[in-house]
Amino acid sequence: MSYSSNPVLDAMRHYDALYEASDAQVEAEADLAGDFLKACKKVDANALAPWAGQVNDNEQRMALGLDWSAKNLPQRQQALHEVMVESLDYPDGPTMSEAMQLLLNVAYSADLVNAPQQARGLIERMGRSFAFHNSGVE
């Protein structure tokens with residue numbers, strides 16, 4: 001705890017630190033959303049997404065006979081499609097029903113004129129949602 005003789009200077013230092021943290025969070029979210037979009041533009045849903053962090057490797061866990069309560073479970077990189085599905089899982093982001101409706105529109109020619117634009121918009125929102133929930137600046 002700092003004991004300063006000038007509370008105004010203390011408040012200014014406090015707000016400067018808050019602004020720096022906020023700027024770092026905004027930058028981290030923008031970087032992660034950019035990585036998401038770059039990966040999507042490669043059009044390979046099975047590509048690894050090293051920018052997305054690792055998850056528990058359930059197949060390897062089972063092969064080793066480990067229980068979920070075990071410490072240091074085996075990890076693996078996520079694939080892009082897993083990250084995309086995760087981005088549809090947040091209550092304040094795009095929803096799975098939006099993605100499924102778009103798939104139906106394309107599959108059954110309901111709106112082929114607007115589908116590419118709608119798909120790009122959905123993917124951009126998915127990237128922002130994933131980044132917001134996973135940028136994790138401390």
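**Exercise 1. Is arginine 76 buried, partly exposed or exposed, and what is its relative accessible area?**

Work on the predicted model shown above, and then describe the salt bridge that arginine 76 makes.

*Solution.* The first step is to recall the cut-offs, since buried means under 20% relative accessible area, exposed means over 50%, and partly exposed lies in between. Arginine 76 has a relative accessible area of 27%, and it is therefore partly exposed. The second step is to look for its partner: the side chain of arginine 76 meets that of glutamate 82 in a salt bridge, with 2.6 Å from N to O. Glutamate 82, at 25% relative accessibility, also counts as partly exposed. A further step looks at leucine 48, whose C-alpha is 9.7 Å from that of arginine 76, although 28 residues separate the two in sequence.

**Exercise 2. Where does leucine 48 lie, and which residues does it touch beyond four places away in sequence?**

*Solution.* Begin with the chain, where leucine 48 is found in the loop between helix 1 and strand 1, the latter being residues 54-56. Next, consider its surface: the relative accessible area of leucine 48 is 57%, so this residue is exposed. Finally, list the contacts, leaving out residues up to four places away in sequence; leucine 48 then touches Gln77, Gln78 and Ala79.

**Exercise 3. How many salt bridges does the structure hold?**

Compare the bridge of lysine 38 with the bridge of arginine 125.

*Solution.* The structure holds three salt bridges, one of which, between arginine 76 and glutamate 82, was treated above. Take lysine 38 next: it forms a salt bridge with aspartate 35, and their closest N and O atoms are 3.8 Å apart. This pair falls within the cut-off, because a salt bridge requires a side-chain nitrogen of Lys or Arg within 4 Å of a carboxyl oxygen of Asp or Glu. Both residues belong to helix 1, where they are three residues apart, or about one turn of the helix. A general point about helices helps here: an α-helix has 3.6 residues a turn, so residues three or four places apart point the same way. Lysine 38 is exposed at 55% relative accessibility, whereas aspartate 35 is partly exposed at 26%.

Now turn to arginine 125, which forms a salt bridge with glutamate 98, the closest N and O atoms being 2.7 Å apart. Arginine 125 lies in helix 5 and glutamate 98 in helix 4, so this pair ties together parts that are 27 residues apart in sequence. Arginine 125 is partly exposed, with a relative accessible area of 31%, and glutamate 98 is likewise partly exposed at 31%.

**Exercise 4. Which residues have the most contacts inside the largest nonpolar core?**

Follow two of these residues, phenylalanine 36 and phenylalanine 130, through their contacts.

*Solution.* The largest nonpolar core has 19 residues, and those with the most contacts inside it are Phe36, Val83, Met84, Met126 and Phe130. At least two residues of this core come from each of helix 1 (7-41), helix 3 (80-87), helix 4 and helix 5 (115-134). Start with phenylalanine 36 in helix 1, which has a relative accessible area of 0% and is therefore buried. Leaving out residues up to four places away in sequence, its contacts include Trp51, Val83, Met84, Met126 and Phe130. Continue with phenylalanine 130, which is among the buried residues of helix 5, together with Ala115, Leu122, Met126, Gly127, Ser129 and Ala131. With the same sequence neighbours left out, the contacts of phenylalanine 130 include Leu32, Phe36, Trp51, Ala52 and Val83.

**Exercise 5. Which residues make the nonpolar surface patch of about 350 Å², and which helix gives its largest share?**

*Solution.* The patch is made by Val85, Met96, Met100 and Leu103. Its largest share, three residues, comes from helix 4, which covers residues 96-107. Methionine 96 has its place in helix 4 and is partly exposed, with a relative accessible area of 35%. Valine 85, by contrast, is found in helix 3, and its 45% relative accessibility means that valine 85 also counts as partly exposed. As a last step, trace the spacing: valine 85 and alanine 99 are 14 residues apart along the chain, and their C-alpha atoms are separated by 9.6 Å.

Methods
Residues are numbered from 1 along each chain as its sequence is written. This is a predicted model: local features need pLDDT of at least 70, side-chain atom pairs count only at pLDDT 80 or more; totals for chains, interfaces and linings use all residues. Side-chain values use heavy atoms; hydrogens and water are left out. Patches are made of residues with over 30% relative accessible area and no salt bridge: like charges are joined within 9 Å, nonpolar side chains (Val, Leu, Ile, Met, Phe, Trp, Tyr) within 5 Å. Accessible areas come from the Shrake-Rupley method with a 1.4 Å probe; for residues, only the protein chains shown count as cover. Helices (H or I, at least four residues) and strands (E, at least two) are DSSP runs, numbered from the N terminus. Buried means under 20% relative accessible area, exposed over 50%, partly exposed in between (1.4 Å probe, protein chains only). A nonpolar core is a set of buried Ala, Val, Leu, Ile, Met, Phe, Trp, Tyr and Cys residues joined through side-chain atoms within 4.5 Å. Contact means heavy atoms within 4.5 Å.
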